[in-house]
Structures are given as structure tokens and as C-alpha cells.
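This report is meant for a reader who has not seen this structure before. Please look over the sequence and the 3D view before reading on.

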Amino acid sequence: MRTFLLPLAAGCTTALALLLGGPAHAAYGPAPKYAVATLPAPLRENAHAVVRRHEETLTVKSVGRTVETVRRAVTVLDEAGARWATELVYYSSLNSISYFRGSVYDADGRLLRQLRAADIHDISLSDGFSLATDARGRVADLSQPSYPYTVEFEYEVVSDNPLFYSTWRPQPVEQLSVEQASFKVLMPAGLKLRYQELRLPPGTTQAPRAQGSQEVYEWQVHDLTAREEEPDAPSVADVTPTVLTAPTEFEVEGHAGRLNSWADLSRWTYELNAGRDALPPALQARIATLVQGETDERARIRKVYEFLQANTRYVSIQLGLGGWQTFPAASVAANGYGDCKALTNYCKALLGAAGITAHAALVRAGSDEQDIRTEFPSSQFNHVVLCVPLAKSARPDTVWLECTSQSNPFGYMGGFTGNRHALLLLPEGGRLVATPRYGAPENRRERRAEVYLDAQGNATATLRTLRTGLEYDAVSELPNLDPAEQKKHISNRLPLANFTLTKVAFRPTPPGAAIPGLTENLALTLPALAPPSGRRVFLTPNLLSRWSAPAGTVGERQTDLWLDHALTHTDTVRLHLPASLRPEQLPAPVQLSTPFGTYSSQLQTLPDGTIQYIRHLQLPRTRFARTEYPAYLEFRRKISAADKAQLVLLKTDA
């Protein structure tokens, strides 16, 4: 007897499933996977998302090719974890995507839908001012309107750029827990893998094993609970499990190299760019004339650098091998533009025409970037700067030049490339050297305010603020903006409830200053700054530099205390009072001296009746064990209390 099954309406599916004795998806769809109910409670605590499964494999085919495959499933618990519903896969002329797949599941683990070709968007990863770049990406978004849900992505990338091996960070951010994750590297016979293991839980490393002609390295973690965000903590990359890998031998577009030391990487990069610093004879003569008669070596370098800034602009050009190999100096001379490699090479050539030796140097740039791992030679860099040793200096000294900026002060690296290590590019193989260090003495903010208060509590004020070092970075571009934009930026920065800017002016520090800086001059009106309350007026003399205390820790703090923002802040506020007001009570002076920094504040009445407030805060770059956090928190709370202290003024009959 033959049975015929007729198509069922959607509403009949459940009824049929019940008759057959099982759920609908058992008969008509894949079995559930990644059900949220199966998640252990500890993995949901403090988490916005949970990595259910993360399998990453790096297969090294040869010195010139690698294949990376990734399969990752993440349960998104709430809106703050929705970033994990999106996946971006990079590609370029040296990296191709073999496949890119994805699926999304509901809270019970039922398949909602699979990624379609129309859901994947191809985007340019240009920085917005590049003339030519082949960096692109394919991005897919499987986010859902209700939580929780699980997304799963799979992709494979074939790379002809084996200078970069994978870095495995199974827990790359806070508020992310990990159910299980693995990383595998397959090496062919005759090639050795270099790797560094950091902060791995016991049992993570598997013993290397042979698999046919390949050597297999593998790491696995499971049940990593989410880390909380904590104030003044190391970056999450510095506290979670990490495996760094790097080649011993590699080849990029026919250019072979070794990478067992920093000297190896320096030598390969130098040779790739050797012979590209020739200048047209007319330009050589022009530079010789430019520095003619100038005997001071630093002044000669400055003249060449200012010539570079006046005659070139930065345009990124990253095509294939162009990520490492510069355009010739003659090309920059003819076109007036280049990327960081080309402009650095061009400036090096210009200095050579002026009789000055300079060296290009690789660096990891970025105001939010950490320094490289100096103990693990590998390609960790994204930028090139110029290092100029002063041959005629009485003591060893160096000038560093950022060649991509038309406005950067001479010799200033700032937060973009300062306070880190760079790799000199030398024919014999270079070494790591420190870029300029900017500590508390260099990172200064000195503010002087003159405040004129009337009997109704309204005020006018003038502010003069000098910023140097890393404090200068935040305002360095303000002089280049139009007046409306200047006022907008300044207004957003001033912590005042009600004010009007009536004057904005800037003055850079003199060219010969050891640390570049900028003085900002403002004039303001401050209506109702201190409205009377009966016979008294209450005014907080610290108008602009109040610090709040960080949050206390719930339970035991997880991370050490990293105070990386060294600074020196000095505020002087002079309050000019009308004859009808006199101080009834001055806050007591405060003096704090701790391993975390020093603080002082005091008020005094000057002979002419003006009240002067002086505040001084200095924080060095320091690091402490997590057990020191309560003492640091107490230091910050005392600063916060002192900063909020009020001056009481009493009305008189005058």
C-alpha cells in the first residue's frame, strides 16, 4: 500500500509533529544547537555575549602561502553584545576569501535563517584620504530584534602574505565569556613555528604531534568567565589568554626573508627599499642652498623638515607589496605626495642632500595602541617614522620626525608614536630603540583664570591655558579650524553649566621649545555663576579641573592598577570680588603625597582683597598590584572632595 503525503499548511506542521511523536524541527529541519538554556550560569554572569564555539586553524602551506579558517558561534545576550552579530572579513590583492557562511539561531537553538549572498556587502577599507588602496572587506550582519540569539560565522582566507601569522585571543574584550575555543597551527615539513604563550590556563597547550607530513600545534580553552570592566586597568589584551605566532622564513611576492630576530626583519625591510632614495640633481642643489651657512645641526634638520611639510602631503598607497616597499624619492619629488614609507624615505633623502644621516624606523602607531612585545620578534608594526641621530651633539641625542604631518611641531611624536619602541632599518640589520618619552614633566597643563564676580553672582572671566606634551595632542588641531568650529570644540570641553565664549585665540610655543605646546586664550561671560542665597554666596573656586573618584570594586578586583597617563596640572584662579562681598570661610588647604601621585590645593586672601586658589596635581606613569586599589581609590576620593570644596562669601553693607 502506497501512502501519499500532501503539502501541509504552516499551521498544520505542529499538529503533524505531535502525531508523529516529536517536535516539528526533528522531522522538517536541523536539530537545535546552541540553546541558551544549556549555558552554565557562571558563563552568563557579567556577560553581554558568550562564545559557544570558536575554532581557528592556520595552515602554513609554504614560505609564501597560508590558509586561515575560522568558525565561531556567539550567543548574544543583550544589546550591548550585538557587535558579535556582525562579522567583517578582510581581503586584498594578497589575501582572498574562499568562502564566507553564516547562520542565526533563536534562544531555543532553532535555525532562523542562513546567510545569503545578498546579505554580504563588499566595502572599501580606505581611510578616506588614500589615493590607492586594495584593502577591502566583506561584512555580514545577522542581528535580531529580540534577545538572546546565536550567530555562527565560518570563513576561509588564503594569504600570499605570510609575514603575518595568526594571533589567538579567544577572549578579546570584557563582558565576553567563552564556552570553548581552540587554535590549531599546521606546519609543513622543514618549516618551524615560532610562538609565544601568554596567560594560558593550565591544560591549554596540547603536545605537538605529527599528522602525515605536517607538525600540528594546538591550544584549547573552555569555561572562561567574563571579565568585568575595571577603572585604570590594563587593556584586556594584557590580561587574557593569548598565543602569538610568527614565521621563521617567509616570502612575499618573490622577496624572501627570515624572521628569527629583530635584525632579520630590519634587514629584509631595508633591502626591500634600498636604492629608492635618489633625488633629482636640481632638488639636491636646492636643499644644499637651503642649509648653506647653517652650522647648527638641529637647525639644518629643522629647515629640511619644514621644506618637507610645505611641499608634500600624506596619501596612503597600499597595493600588494606596497605595504612594505616605498615609492622612489624621485616620485614623491615629482608628485608632492606619498604614504608614510614614501614620505619618510623622501625626507631621509632630503637630509642626505643636506649632509645629514637618518634612518627609517618601523613603529606601531596609534593613540590607543600599546607598545610592541619586544621579546617576540615579529611583524607588529603599522607605520614608519624617521630617526635622525645628532652626530655633532655634545651628548648622545636624537631627533625624531613624523613625516606624514604638515602641521606636526618639529621633533614631536606625541601620543601617536611616542612612549614606545621602534625598529631601525639598517643594512646590517637594525635594533629596537625607544621613541621620545613623555612623562609627567612633559605633559603639562598650566591654566590661569581671572574671574570678576558682581554682587548678583554673575561673572566674566579670562582663561589662559598652556598645554605641552600629550596634553597638547588634544588641542593641536584647534588653530586650524574655522572660528565656529573652534568655539564648538571648546564649548564641548569646558565643564561649565552656563557660559558664552566671547574670545578665542591661540599662540604656539616658540620654535625652539624643548617640548612643543599651545597657549589657548579665552574670554567668557558666566551668568549666575554664584547666585546669592540669603546673605551668603557659595562658590566652588575650582571652576574647571574637578576630578571625580572612580567607582569602587564590587568584590575582589581582578586586574592590577595601571596608571599610564602621566601628567602635571596646575590651576591658578584669582577671584575678584565686589566690595559688597567678603570671604566668611575659606576651605582648609589640602596636601596629599602618595605613591600614586601628589596633590595640593589652597586658598588665600591677597592684600588687595582678591582671593587666590592654587591647585597642583602630578601623576607619574606607575603600575601597582591589584591589592593597592583601595589605597588608590582613597587618594582619588580625597582629590574629589577637595576639588568640590566651596568658598563661602558673606554680603556686607559696603
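## Burial of one tyrosine

Y472 has a relative accessible area of 9%, so this residue is buried. The model is a predicted one, and the values below are computed from it.

## Overall picture

The chain has 654 residues, of which 47% count as buried. Its secondary structure comes to 12 helices and 38 strands. Along the principal axes, the C-alpha trace spans about 115 × 75 × 45 Å.

Contacts between residues at least 6 apart in sequence were also examined, and 71% of them join residues at least 24 apart. The exposed surface of the chain is about 31,300 Å², with 51% of that area supplied by carbon and sulfur atoms. There are 67 positive and 67 negative charges, and the mean positions of these two sets lie 3 Å apart.

## Aromatic pairs

The structure contains 17 aromatic pairs. One of them joins Y412 and Y472: the ring centres are 5.6 Å apart and the planes stand at 75°, so the pair is edge-to-face. Y412 sits in the loop between β23 (398-401) and α9 (414-417), whereas Y472 belongs to helix α10 (residues 470-473), so this pair ties together parts that are 60 residues apart in sequence. Y412 has a relative accessibility of 2% and therefore counts as buried. Its partner Y472, at 9%, is buried as well.

What is the arrangement of the rings of Y629 and Y632? Their centres are 6.1 Å apart and their planes meet at 50°, so this pair is tilted. Y629 and Y632 are 3 residues apart in helix α12 (residues 629-643), which means that about one helical turn separates them. Both residues are buried.

## A cluster and two charged neighbours

W168, F183, Y195, Y217 and W219 together form one aromatic cluster.

Arginine side chains lie over the faces of two tryptophans. R83 is placed over the face of W84, at 5.0 Å from the ring centre. R623 lies over the face of W562, where the distance to the ring centre is 3.6 Å.

## An exposed glycine

Where along the chain is G555 found? Its place is the loop between β30 (536-539) and β31 (561-563). Is G555 buried or exposed? With a relative accessibility of 58%, G555 counts as exposed, because the cut-off for that class is over 50%.

G555 and S177 are 378 residues apart along the chain, and their C-alpha atoms are separated by 19 Å.

## Backbone features

Most peptide bonds are trans, and most residues other than glycine have a negative phi. The next three cases are set against that background.

Y147 and P148 are joined by a cis peptide bond, with omega at about -5°. P148 lies in the loop between β8 (136-141) and β9 (149-159). D223, a residue other than glycine, has a positive phi near 55°. D223 is part of strand β14 (residues 214-224), and its relative accessibility of 45% makes it partly exposed. N419 is not a glycine either, and its phi is positive at about 60°. The loop between α9 and β24 (421-424) holds N419, which is partly exposed with a relative accessible area of 26%.

Technical notes:
Residues numbered from 1 in each chain as written. Predicted model: local features only at pLDDT ≥ 70, side-chain atom pairs only at ≥ 80, totals over all residues. Heavy atoms only, no water. Phe/Tyr/Trp six-rings, centres within 6.5 Å; stacked < 30°, edge-to-face > 60°. Helix = DSSP H or I, 4+ residues; strand = E, 2+ residues; numbered from the N terminus. Buried < 20%, exposed > 50% of the residue type's maximum accessible area, 1.4 Å probe, protein only. Lys NZ or Arg CZ within 6 Å of the ring centre and 35° of its normal. Contact = heavy atoms within 4.5 Å. Areas by Shrake-Rupley, 256 points an atom, 1.4 Å probe, with all protein chains shown as cover. Lys, Arg positive; Asp, Glu negative; His and termini not counted. Charge placed at Lys NZ, Arg CZ, Asp CG, Glu CD.
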